Amino acid sequence: MKLHDDIHNYYEKLVVEHIVRRKLDKIYDEDVMADFCCTVLNQLPSRYIRYDVDMEFYLPQPERAKMEQAVERAIDFAIAQIAKKEQFQV
């Protein structure tokens with residue numbers, strides 16, 4: 001078993017979906033996006049899985065909605081952190 005190939009944190013997928021939906025990857029460069037993703041993921045619990053399809057099939061809709069809301073809050077927090085950092089760099 002290769003840990004990095006066989007399991008992953010499901011929140012990573014949700015974060016990427018939200019980043020793309022909000023076009024944040026078009027706003028920030030790769031270096032900022034790496035820090036941004038770390039900030040977002042550090043605000044979220046871990047949810048390790050082997051297969052995305054299992055999560056999609058077995059996850060109750062109310063729990064999925066809570067996860068989506070948590071991702072949105074974490075992204076908003078990270079955006080605010082970037083804004084603070086940029087404010088102090090000027």
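Let me start with His18, which, once its neighbours within four places in sequence are left aside, is in contact with Glu68, Val71, Glu72 and Ile75. I should say at once that this is a predicted model, so please hear everything that follows as a description of that model.

His18 has its place in helix H2, and with a relative accessible area of 2% it is buried, because the cut-off for that class is under 20%. Also found in helix H2 is Val16, and here the class is another one, since a relative accessibility of 48% makes Val16 partly exposed. Ile75, which I named a moment ago among the contacts of His18, comes up again with Val16: the two are 59 residues apart along the chain, and their C-alpha atoms are separated by 10 Å.

Now to the packing of helix H2, residues 10-21, with helix H4, residues 30-42, where the axes lie 11 Å apart and the angle is about 125°. The two helices are therefore oblique to each other, and their crossing is right-handed. On the side of H2 the contact is made by Tyr11, Glu12, Val15 and Ile19, while H4 brings Met33, Phe36, Cys37, Val40 and Leu41. If we sort these residues of the contact by character, eight are nonpolar, one is charged and none is polar.

To put the two parts together, helix H2 holds the buried His18, whose contacts include Glu68 and Val71, and helix H2 also packs with H4 through residues such as Val15 and Ile19.

Methods. Residues numbered from 1 in each chain as written. Predicted model: local features only at pLDDT ≥ 70, side-chain atom pairs only at ≥ 80, totals over all residues. Heavy atoms only, no water. Axes fitted to C-alpha atoms, helices over the stretch in contact; angles between N-to-C directions. Helix = DSSP H or I, 4+ residues; strand = E, 2+ residues; numbered from the N terminus. Parallel < 35°, antiparallel > 145°, perpendicular 65-115°, else oblique. Left-handed = near helix turned anticlockwise from the far one by under 90°. Contact = heavy atoms within 4.5 Å. Nonpolar A, V, L, I, M, F, W, Y, C, P; charged D, E, K, R; others polar. Buried < 20%, exposed > 50% of the residue type's maximum accessible area, 1.4 Å probe, protein only.
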